[in-house]
Amino acid sequence: DQQLSNCDAGFSYKVESGADGYLIESVGTSGLSEKRVYATLQLQGLFEHAILTRETLTLKSGTVVDGYNSLDPLDTDSDVDIGTQSTSDASIILNNGVTVEGDVVVGIGGDPDTVIKDLGATTGDQYAATQNDPLPLIIPPALPNKATAISAKDATVTLTPADSGRYTGIDLKNASSPGVLEISGGAVVLRVTGDITLGQSCEIIVRDGASLTIYADGDIQCANGSDINTENPSEAASTFQLYATGDGQQSFDIKAKSEFTGIIYAPNADVQLYAGGDAYGSIVANTFEFKSGGNYHYDEALRNVETDDEGVHFVVKRWYEGSPE
């Protein structure tokens, strides 16, 4: 019974929680008139799409983009899409033989016929978005300041949850043997204020039973034969999480010797991914190029979000007037 000023009108609202989110009922009155409006809200995270860019998105010839569900191996009904928020010509380049088992979306008001450079791809619908996904700035969590870089030269360095913290960089070098950064024993969270550099054949490997989250302020450069990956590549994509948190434009040049599993949120970074096999997960970037011989598999389990996940927010799933029945 909230009254509006200077008129004979008011409103009430009620919020109820349910299995699929929240139902909001709003009742407006003006004199003898009354209107009821309902909206259902649900949580949405950062990784609603297999691939989403601000600007350009390029897929190599023969790439297949499809989906899986790491929480339910029997779920074969994949809902997959890729897209850009750009409306410029050739912002999405689908080379010959690309297959997207879902839709391709361009920016608001864009013409799919010009924004998508289709060189012989097979896709679902191609259309312009009615609204852009928010791409919020991610603020790294407060972590102990280690005031040093993580370095490994001709050696293996192991980090456990006790080593989580803020570091000035990651530098893995190869003189006589590759430097290796091993993540073990649980959830490891790193804030890296400088660059991440992997020399030839060097590795960052997340062991089974562990997970790695990196908040990167600088660039990532991986030499030939290097590897950023999980020990079991096809497991839950959230096992490896990478967030771009720098103030300006960043560059992520990521390589994997075999399959790559992970989620990358970097709307201010140009991302290139080279994998010796398939990729599993989801990517948000300024620009993205998949320079690999494998296929790209979106993990639909990423849509199951909690209130404390990075970048989570409420969205209106649907709204209607009248009675909820």
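Two strands count as paired if DSSP finds at least two bridges between them. Keep that in mind for the exercises below, which use a predicted model.

**Exercise 1.** Work out how strands β3 and β4 are joined, and which residue of β4 stands opposite valine 27.

*Solution.* Start with the bridges: nine of them link β3 (residues 21-30) to β4 (residues 33-44). The two strands run antiparallel. Now look across from valine 27, and you will find arginine 36 in β4.

**Exercise 2.** Place these strands in their sheet and name its edge strands.

*Solution.* The sheet is open and has five strands, in the order β1-β2-β3-β4-β30, with antiparallel pairing. At its edges are β1 (2-3) and β30 (313-321), each of which pairs on one side only.

**Exercise 3.** Find the strand that gives the most to the nonpolar surface patch, then classify phenylalanine 11 by accessibility.

*Solution.* First list the patch members: Leu4, Phe11, Tyr13, Val15, Tyr22 and Phe314 make a patch of about 600 Å². Strand β2 (residues 9-18) gives the most, with three residues. Phenylalanine 11 lies in β2. Its relative accessibility is 32%, so phenylalanine 11 counts as partly exposed.

**Exercise 4.** Describe the setting of aspartate 79: buried, partly exposed or exposed, and touching which residues?

*Solution.* Begin with the loop between β7 (64-68) and β8 (81-84), where aspartate 79 sits. Aspartate 79 is partly exposed because its relative accessibility is 48%, and exposed would require over 50%. Leaving out residues up to four places away in sequence, aspartate 79 touches Tyr298, Glu300 and Arg303. Finally, glycine 186 is 107 residues from aspartate 79 in sequence and 31 Å away in space, C-alpha to C-alpha.

Key:
Residues numbered from 1 in each chain as written. Predicted model: local features only at pLDDT ≥ 70, side-chain atom pairs only at ≥ 80, totals over all residues. Heavy atoms only, no water. Helix = DSSP H or I, 4+ residues; strand = E, 2+ residues; numbered from the N terminus. Buried < 20%, exposed > 50% of the residue type's maximum accessible area, 1.4 Å probe, protein only. Contact = heavy atoms within 4.5 Å. Patch = residues over 30% accessible without salt bridge, like charges linked within 9 Å, V, L, I, M, F, W, Y side chains within 5 Å. Areas by Shrake-Rupley, 256 points an atom, 1.4 Å probe, with all protein chains shown as cover. Salt bridge = Lys/Arg side-chain N within 4 Å of Asp/Glu carboxyl O.
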